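Biologist: I would like a close look at a single part of this model, taken slowly and with its surroundings included. Please begin wherever you think best, and carry the account through to whatever that part belongs to.

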Amino acid sequence: GGMTADQMDLLAEIAEEYSDGILHITTRQDIQLHYLHIDDTPSLMRRLAAVGITTQEACGNSIRNVTACPIAGVCRTETFDVTPYADGATQFLLGHPDCQDFGRKFKIAFSGCAHEACGLTSMHDVGLIARVEGDKRGFEFYVGGGLGAVPHQAKLMVDFLPVEELLPMIQAIARVFARLGEKNNRARARLKFLIAKLGLEEFKNLVEEERKILPHEDAWTAYLAGVDEASESPLKDAVSLNGAVKSNAFAEWHATNVYAQRQPGYSVVSVTLPLGDATADQFRLMAELGRKYIKDTIRTTVEQNIVFRWVSDADVPELYRGLEAAGLGAPGASSIVDVTACPGTDTCKLGIASSRGLAAELRKQLAEKSATLDAAVKDLRIKISGCFNSCGQHHVADLGFYGISRKVGDYHVPHFQVILGGQWKENAGSYGLAIGAVPSKRIPEVVDRITQSYIDQRKGAESFQDFVARVGKVAVKDSLADLTVVPDHDEDATLYTDWSDIREFTTGDMGKGECAGEIVPLIEVELQGSERESFEAQIYMDGGDYSAAYESALNAMLHGAKALVKTQFLDIPEDPDQIVSEFRTRFIETKLFFDRAAGAKFANYLFRHHEDRVANPSAEVAHQIIEEAQLFIEAVHACYGRMKVVTA
């Protein structure tokens, strides 16, 4: 995520010349430019390369940008600075011949400590947490993490991997992944699926055998000679802020956007970028401020902000005034106000609901009352995805949301699934699950109710996750029940539009007729039953009954399949084999179930578990089938939304 002032100036130039003048910070510490013309990309890439920026392997079936804690090296609690190791991995792996034959992308993250979010190592293909044994540096080495539609938490592969083995170990994993990973079915082509198929021990054995036959490369350890040398230095001497006049606005901003470095007299200053966006002029201003106060020690963050490192404490007020003048002085960095969102329907072809529109509204409402927010909720994280794919990282938020559509009569209504149980800290320590769908326009009320319940009912210093576990998801879901009710379109059309879009979400063209009054309510009742079973599976899992959770989630999928079959075959027997057979014949072979939301992939969740049930499911297996059941149910809703009711 590191940038220089010269790079920021160049990025500002090309944003104006080739794009729409907006630079977007991604959750992988990258920069995105939208609305480019393909013919302009060669000249754009040459200009980027001239200042040391590459687009190589930013996308595609490659090792993506290596991420690391943005305050590594200045963090007060880190084990050691992971920056040189992350940089060494970047330089070694970028364009490496052993990393060019993957079936899908591959992500790596470094963290200096285990207890904070830092690198979010739990959700990466390879996650590394700094560790020291004696006087020896190394890493806890995790593999097989990933979010996406069905998230997998990374598994500990090596307790302590010496730094000398870091690069050859990643190279060996890359070779095994390239050789054995799925190539034809992209939906099953991530490393997490290969590890799930082989088992961790077999995968580990294969990697160890691969490591033994790797041809030696000097680059494995060449960079280690300089890891203890100072890679950064301040521009100015450390001078205390004591005695400086502080306005109320500055004090509020300082409380959330300034972090005291472990080096006395210096601070990290966070620049809050709503939705991760900054204009070209704002980038130029930040470059100018960077030259004035620091020495090319700017980084992007996974929360879509920018940080200035090594700011002398005495310069913080003046830096704040410069940022404020450019519209960059908003407080709330890394707080509940700092909502993360993927592009959603703005630019993504998979977007279902407006994640950015909702994020902007939540940020606005939360910012307006930030001064009165209870301290208990200020540090909660809200993350939003426009679809189930978790590009907004909704699975690891305290309050997560992902966009879906629901059919109400003849119309489609934008909704978001409410995700609870995720944990941002401890490097994405746990993944949440959907507890129910609420219309998009009512999500701010959801946030208000849940956070207020936490404020009113928490016991002592109880964490949000512990509070949800204690009161139970059933109680939380029940408290939102009235918000899920959608009035008839003719009665109130407010919910039939999405945030930041005055157009009606979509209008169906269902056939009208005598039978419609019977068929439509029937499938809706069946789908409600399917969703109830899926939620009950969560309750079983939270209670430690993983077998019951597994069976309930599988039954939820069978119930959803039966709901669709009943639109064509009303008297379908309850026999699971016949339900699956009829569903396959009527909706898979005819491709009625297929759409841009990968209906075929979701159908395979049902087929796989029906044909090969897991006898003694673990907590991980139970969690995954619940995710799969919810995605299958969403695909059933989508299929129903595309259907015309047969009237004869």
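Modeller: Since this is a predicted model, everything that follows describes computed geometry, and I will begin with His609, which lies in helix α20, a helix that covers residues 599-611. With a relative accessibility of 8%, His609 counts as buried, and, once its neighbours within four places in sequence are set aside, His609 is in contact with Tyr550, Leu554, Met557, Ile625 and Glu628.

The same helix range leads on to the nonpolar cores, and the largest of these has 56 residues, where those with the most contacts inside it are Tyr85, Ile108, Phe110, Phe139, Phe141, Ile173 and Phe203. Helix α4, residues 166-180, gives the most to this core, contributing 10 residues. A second core, separate from that one and made of 45 residues, includes Phe607, Ala635, Cys639 and Tyr640.Within the largest core, Tyr85 touches Phe80, Phe110, Arg137, Phe139, Val163, Leu166, Tyr223, Leu224 and Val227, not counting residues up to four places away in sequence. Phe139, one of the residues touched by Tyr85, stands opposite Leu161 in strand β8.

The strands around Phe139 deserve their own description. Strand β7, residues 136-143, is mostly covered, with six of its eight residues buried. Strand β6, residues 126-133, runs antiparallel to β7 and is joined to it by eight bridges, and Val126 has Val143 of β7 as its bridge partner. Two residues lie between the strands in the hairpin of β6 and β7, where Gly134 takes a positive phi near 65°. Strand β8, residues 155-162, is also antiparallel to β7, and five bridges join the two.

Cys639, a member of the second core, is buried, its relative accessible area being 1%, and it raises the matter of disulfides, of which a search of the whole structure finds zero. For Cys639, the closest cysteine sulfur is that of Cys387, and because the two sulfurs are 18 Å apart, they are too far from each other for a bond. Cys59 is likewise without a partner, because its sulfur is 11 Å from the closest cysteine sulfur, in Cys391, which is too far for a bond, whereas a disulfide would need the sulfur atoms within 2.5 Å. In its surroundings Cys59 stands apart from Cys639, since Cys59 counts as exposed at 60% relative accessibility, while Cys639 is buried.

Notes. Residues are numbered from 1 along each chain as its sequence is written. This is a predicted model: local features need pLDDT of at least 70, side-chain atom pairs count only at pLDDT 80 or more; totals for chains, interfaces and linings use all residues. Side-chain values use heavy atoms; hydrogens and water are left out. Buried means under 20% relative accessible area, exposed over 50%, partly exposed in between (1.4 Å probe, protein chains only). Helices (H or I, at least four residues) and strands (E, at least two) are DSSP runs, numbered from the N terminus. Contact means heavy atoms within 4.5 Å. A nonpolar core is a set of buried Ala, Val, Leu, Ile, Met, Phe, Trp, Tyr and Cys residues joined through side-chain atoms within 4.5 Å. Two strands pair if DSSP finds at least two bridges between them.
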